[in-house]
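Biologist: I would like a close look at a single part of this model, the packing of one helix pair and what lies beside it. Please keep the account connected and give the cut-offs.

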Amino acid sequence: MPKIHELSETLTNQIAAGEVIERPASVVKELVENSLDAGATRIRIDFVDAGLKQIVVQDNGTGIARDQVDLAFTRHATSKISNEHDLFKVATLGFRGEALASISAVSHVEILTATEGAIGVRATFSGGNKKGQEDAAARKGTKITVRDLFFNTPARLKYLRSPQTEIMKIVDIINRLALGYPQVSFTLSNTGKILLRTTGNGNLKQTVANVYGRHIAEGMENFSTKDNDFKVSGLMSKPELTRSTRNFISILLNGRYIKNFQLNTAIMDGYGSKLTARHYPIVVVSIKVDPLLVDVNVHPTKQEVRLSKEKELSRLITTAISNALVEKVEQTDAFANLENKRETLVDQLQLNLNQDVVNTARKKIPEVHDQADKPEFLTTKPEENKATETKSDAQYVDLNKPREDDKYIITKTWDQNVSRQQQLTPFSSSVADQEVISNGDETLANNLPRLAYVGQTDTYIIAENNGDLFLIDQVAARRRLQFEKTYQMIAAKKIVQQGLLTPIVLEFGNLDFIQIKDKIDQIKQIGIHLEDFGQNSFIVRSYPTWIQNNVEETIRQILDGYLNLDKGKSNNLFKRVAALEAKKAIKGKIQLSAAEAKQILTDLRKTTDPYHDASGRIILVRMSQNELRKMFKKDD
């Protein structure tokens with residue numbers, strides 16, 4: 001066994017830095033938290049090359065006395081706690097005394113600081129060692145410059161992600177701190193470009209507007225409540241304003257951003273069933289509590305804390321949000337849609353493409369609920385419709401040898417059905433009498449038979465084929481056709497632009513702005529041309545002609561949907577955009593002429609999916625001759 005020896009101070013500092021300084025955002029977090037603990041009301045953060053080349057944090061706090069500068073860069077040296085009792089009532093963001101020592105161990109650091117009425121001092125550190133100190137002119141406060149992060153630990157660099165991701169990590173940290181301290185003015189810039197600027201006037205809604213954008217802030221509501229231990233307040237979005245991740249939920253405990261699964265769950269419980277699946281609200285929750293009830297010394301980064309009476313706090317948060325929704329937000333509960341349920345028979349046209357075998361057992365159509373959000377009813381498998389048969393009872397017969405006992409039937413259209421199946425691909429057949437369609441659409445078109453127009457109600461088109469009755473929802477059918485038209489136009493990139501007399505300016509939060517700008521060329525493919533207009537905003541001077549109306553609202557919804565779901569996948573983005581436009585363009589039923597209804601039936605056969613609209617809702621249902629006979633009790 002090697003001889004035991006004590007590690008050098010430089011090595012211990014580098015090891016400690018590995019726990020606290022994971023990436024450039026960690027440096028920014030520690031330095032800004034020190035500024036807040038120093039009572040700063042104005043903090044400016046500048047960084048270059050995602051923070052690896054340079055990070056500058058400047059504040060107007062109390063500053064550091066000249067005789068304590070060396071001590072500030074010593075491990076486990078702090079002014080924020082004095083004894084073991086203070087550890088159980090920590091009221092500051094930083095208290096471990098590791099930040100400056102850890103940062104200086106893996107970078108070149110320069111500090112310029114001055115206290116009230118004293119001469120300033122400038123000192124430099126590198127690799128954990130002090131390089132020099134001198135008097136310097138300085139205002140009250142502290143300015144720390146960190147250069148060449150991880151210069152002496154290059155192995156750490158390979159664990160960092162892309163520059164864009166590291167920038168977003170820094171932005172996210174400052175966003176959370178700004179939301180926790182609305183009374184402090186923050187300015188964040190990347191290579192001189194402003195990413196965030198808050199007023200510091202103490203107005204949380206104004207800070208939310210600075211962080212997430214005015215459009216989002218306008219759609220948020222206040223909530224507050226308290227009990228003997230906790231005071232809860234904040235802002236929450238309405239149920240229709242959501243994101244696809246929980247990253248827009250900020251829990252601030254005495255100003256400290258924390259991660260807590262149970263409190264996140266409590267927030268979601270407050271919304272109940274008003275949120276759709278996999279959608280999360282934008283919420284800022286500020287919790288004020290006696291520091292004695294919180295243990296923040298459980299993780300080096302201090303984002304995970306241990307709370308006393310956590311269950312009581314969870315119930316308080318859930319109640320506060322739920323009450324605010326009842327009082328201020330008009331939103332129908334999702335369970336209300338389950339009232340007055342109607343039962344209907346849904347039978348999707350199914351054709352067996354196997355020439356050799358087919359199950360000809362008499363089937364009992366099960367009763368199912370008409371739920372538009374479950375289109376799987378349209379693809380019911382034959383074995384799901386069996387009434388009493390078991391697997392051992394299932395019998396299959398050759399198409400050319402049908403049985404005629406009481407368990408099997410041969411309909412009057414047996415030969416016609418067999419003939420039609422043999423005409424489908426992959427069987428060779430003559431299709432000269434059919435309309436000309438592309439090879440890719442041939443199977444789908446054949447799967448939906450040629451429907452003969454019969455008539456229509458105010459909502460449904462009535463058609464028939466070989467004695468079977470079909471009901472087609474005209475709205476869903478028109479949306480499917482509109483979706484196909486828009487999607488083909490976008491996918492083919494044949495998009496005509498219409499100029500705007502007055503350009504549209506779209507403001508975003510810094511995180512959304514960064515994500516959109518990163519994919520601006522991809523968004524351009526759908527015909528939306530965004531130009532950087534400064535201050536986290538874009539200007540739009542023209543729009544694609546497939547946008548029918550409400551240009552600004554439509555573009556916002558498209559970009560919001562892109563941020564939520566598509567994650568930069570162009571194919572999904574194209575389909576999402578086409579589906580959104582189809583829904584907006586076709587808002588309800590209209591009076592159709594017979595010629596228009598017939599054209600819809602013809603065009604529907606040429607679509608990629610004639611059974612569902614773009615959102616998955618049912619377009620048509622079929623009632624076979626046997627079902628009609630049963631309805632009218634013809635067999636009794």
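Modeller: What follows deals with the helix pair and then with a ring contact beside it. The model is predicted, so local features need pLDDT of at least 70, side-chain atom pairs count only at pLDDT 80 or more, and totals for chains, interfaces and linings use all residues. Residues are numbered from 1 along each chain as its sequence is written, and side-chain values use heavy atoms, with hydrogens and water left out.

Helix α5 (residues 163-180) and helix α6 (residues 204-212) have axes that come within 9 Å and cross at roughly 170°. This makes α5 roughly antiparallel to α6 (an angle over 145 degrees). Axes here are lines fitted to C-alpha atoms, for helices over the stretch in contact, with angles from 0 to 180 degrees between N-to-C directions. Helices are DSSP runs of H or I with at least four residues, and strands are runs of E with at least two.

From α5, Asn175, Ala178 and Leu179 meet Leu204, Thr207, Val208, Val211 and Tyr212 of α6 (heavy atoms within 4.5 Å). By class, six residues of this contact are nonpolar, two are polar and none is charged.

Tyr212 also pairs with Phe248: the ring centres are 5.3 Å apart and the planes are at 45°, so the pair is tilted (centres within 6.5 Å; under 30 degrees is stacked, over 60 edge-to-face, the rest tilted). Phe248 lies in the loop between β11 (242-243) and β12 (249-253), so the pair ties helix α6 to a part 36 residues apart in sequence. Tyr212 and Phe248 are both buried (under 20% relative accessible area, 1.4 Å probe, protein chains only). Arg243 lies over the face of Phe248, at 5.3 Å from the ring centre (CZ of Arg within 6 Å of the centre and within 35 degrees of the ring normal).

Notes
Parallel < 35°, antiparallel > 145°, perpendicular 65-115°, else oblique. Nonpolar A, V, L, I, M, F, W, Y, C, P; charged D, E, K, R; others polar. Phe/Tyr/Trp six-rings, centres within 6.5 Å; stacked < 30°, edge-to-face > 60°. Buried < 20%, exposed > 50% of the residue type's maximum accessible area, 1.4 Å probe, protein only.
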